[in-house]
Amino acid sequence: MSNPAVIPSTDGPILSIAYAPLFHAAPDGRIEPALAVRWRYTDDDQKVFEFTLREDARFSDGTPVTAEAVVGSLEYYYKSRNIYSELLGRNPRFEAVDRWTVRVTLTASLPNLPFLFSEANVNWGFVMAPKGVANPRLFTKATYGAGPYKLDYSKSVPGDHYTFVPNEYFYDRSAIKFKEIYLKAFADPSAALQAQQAGQIDVGWTMDSSTAEAAESAGLDVVSAPFAVLYMTMNARRGTEALRDVRVRRALNYAIDRKAISNALFGRYGVPMSQFTVPPDSNPGLENAYPYDPERARALLAEAGYPRGFEFSINTGKDDPQAKAVELVASYLDRIGVKSNVRTFQNRAGYLDAALSFKDDSAIFAGDVGVPTTIEYPSYIGPSSTLGGGDPVNPRVNELYEAGLRASDPSRDWKEMWAITVNDAWFLPISGFSDLAYVSDGIGGVQMTPARPYSFPTEWFPK
């Protein structure tokens with residue numbers, strides 16, 4: 001669980017315990033110094049980015065955090081096979097200009113590298129020590145970061161609980177607020193809440209809102225923020241032939257009752273959504289672009305040549321919060337004759353691997369609310385997107401993205417771009433939902449905001 005290049009981005013709060021990021025994302029969305037203390041784009045096209053490192057940072061094995069070490073970490077992340085490794089575009093170049101300065105040269109404009117390299121994003125910014133990068137097997141028993149804590153493997157049981165102790169080499173000793181951090185994994189949210197009520201844990205983190213009311217009744221402080229959009233990719237480029245027809249994709253969107261699903265999954269912490277993206281780039285008039293209309297769905301299928309429906313596959317992970325949605329979505333699609341063959345993988349990595357290998361017809365994922373278009377586009381709709389769901393023959397989408405990059409205010413171009421993905425049904429959005437933390441009286445500093453829907457243990461403190 002300690003390798004930033006292979007674990008999900010949603011584990012960023014956990015990684016932040018042991019891995020210092022290049023930049024810090026504050027609760028209000030501002031980017032602040034962390035390992036990097038100064039930064040700038042050196043060109044007008046925002047393709048060349050330089051940052052200068054602090055000179056007193058060291059990894060938990062005592063080695064210094066130099067430009068050469070950072071370059072090695074970035075190169076290792078890029079070469080690792082994960083869905084975010086190509087967010088910087090094709091063949092980014094990383095250079096150590098001098099001992100403390102790193103230069104990143106891109107083949108396409110990317111104006112938000114500081115955010116992408118922060119702990120609030122996709123793990124790119126968590127710098128890994130050269131020893132771990134050279135031998136990734138070492139990550140199974142230790143952390144190789146420059147954060148305030150390090151893993152104590154002797155007090156940890158992989159998959160069950162992990163113990164972190166202070167990193168004696170951390171550059172800011174005043175930021176170390178705890179003698180030990182104990183992280184416990186719970187498969188059952190009710191069991192987690194019971195453990196917290198018994199005083200065994202101080203903060204419970206979950207995306208399952210089923211226990212939120214009970215947590216409030218128990219006197220816990222429930223902290224939340226809009227976190228992600230639950231959605232299904234259509235894989236119109238590489239999936240089953242039926243999904244390449246826009247009428248079929250629209251039919252699937254009309255076939256599900258988003259309000260009912262959202263309420264069943266998230267209660268008051270869910271918002272039905274017909275759009276894949278969220279403000280500021282979403283369109284206010286498209287919140288309910290696909291109202292529940294099974295008759296219209298059947299008519300569109302018949303028009304497309306599938307009066308009796310068709311079959312396709314949906315991937316999910318066994319313990320993912322999204323797994324509950326798969327059964328509900330499949331039941332609605334079955335009512336219009338579309339049979340969903342649900343393939344359940346033991347973990348998130350399994351079905352992400354299937355998606356990356358293009359072995360799946362479709363898949364359930366969750367997209368971060370705080371992720372900007374400059375990350376969503378190359379990941380999901382650009383011509384080289386890793387999880388591309390859209391129609392590759394629609395050049396207007398790419399034109400609008402490029403226009404937004406050049407504009408002082410890209411929102412107009414990007415609103416139109418995302419509207420095309422709604423009209424052409426590149427995705428099947430289901431519901432927005434919240435990240436939640438249940439906080440006991442003895443802990444302060446637990447913050448979540450729409451600008452940064454994560455709370456990081458590195459900001460917490462004992463009261």
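Buried means under 20% relative accessible area and exposed means over 50%, with partly exposed lying in between. The exercises below apply these classes to a predicted model.

**Exercise 1.** Classify Arg-103 and Glu-50 by relative accessible area, and state which parts of the chain their salt bridge ties together.

*Solution.* Begin with Arg-103, whose relative accessible area is 25%, so that this residue falls in the class called partly exposed. Glu-50 has 14% relative accessibility and therefore counts as buried. The two side chains meet in a salt bridge, with a distance of 2.7 Å from N to O. Because Arg-103 belongs to strand S6 (residues 101-105) and Glu-50 to strand S4 (residues 48-53), the pair ties together parts that are 53 residues apart in sequence.

**Exercise 2.** Locate the salt bridge between Glu-295 and Arg-298, and decide for each partner whether the residue is buried, partly exposed or exposed.

*Solution.* The side chains of Glu-295 and Arg-298 come to 2.6 Å, N to O, in their salt bridge. Both residues lie in helix H9 (residues 294-303), where they are three residues apart, which is about one turn of the helix. Glu-295, at 54% relative accessible area, is exposed, whereas Arg-298, at 33%, is partly exposed. Elsewhere, Asp-28, Arg-30 and Glu-32 are joined into one network by salt bridges that share partners. A search of the whole structure yields 18 salt bridges.

**Exercise 3.** Describe the surroundings of Gly-132, starting from its secondary structure element and ending with its contacts.

*Solution.* Gly-132 is placed in helix H4 (residues 130-134). Its relative accessibility is 0%, and since the limit for buried is under 20%, Gly-132 counts as buried. Leaving aside residues up to four places away in sequence, Gly-132 touches Phe-139 and Tyr-144. Of these contacts, Tyr-144 is 12 residues from Gly-132 in sequence, while the C-alpha to C-alpha separation in space is 6.0 Å.

**Exercise 4.** Characterise the largest nonpolar core and the contacts that Phe-51 makes.

*Solution.* In soluble globular proteins, nonpolar side chains tend to be buried together. Here the largest nonpolar core has 128 residues, and those with the most contacts inside it include Phe-51, Val-104 and Phe-117. Helix H2 (residues 67-79) gives the most to this core, contributing eight residues. Phe-51 touches, among others beyond four places away in sequence, Leu-22, Trp-39, Val-70, Trp-100, Val-104 and Phe-117. A second, separate core of eight residues includes Leu-193, Ala-212, Leu-220 and Tyr-438.

Key. Residues numbered from 1 in each chain as written. Predicted model: local features only at pLDDT ≥ 70, side-chain atom pairs only at ≥ 80, totals over all residues. Heavy atoms only, no water. Core = buried A, V, L, I, M, F, W, Y, C linked by side-chain atoms within 4.5 Å. Buried < 20%, exposed > 50% of the residue type's maximum accessible area, 1.4 Å probe, protein only. Helix = DSSP H or I, 4+ residues; strand = E, 2+ residues; numbered from the N terminus. Contact = heavy atoms within 4.5 Å. Salt bridge = Lys/Arg side-chain N within 4 Å of Asp/Glu carboxyl O.
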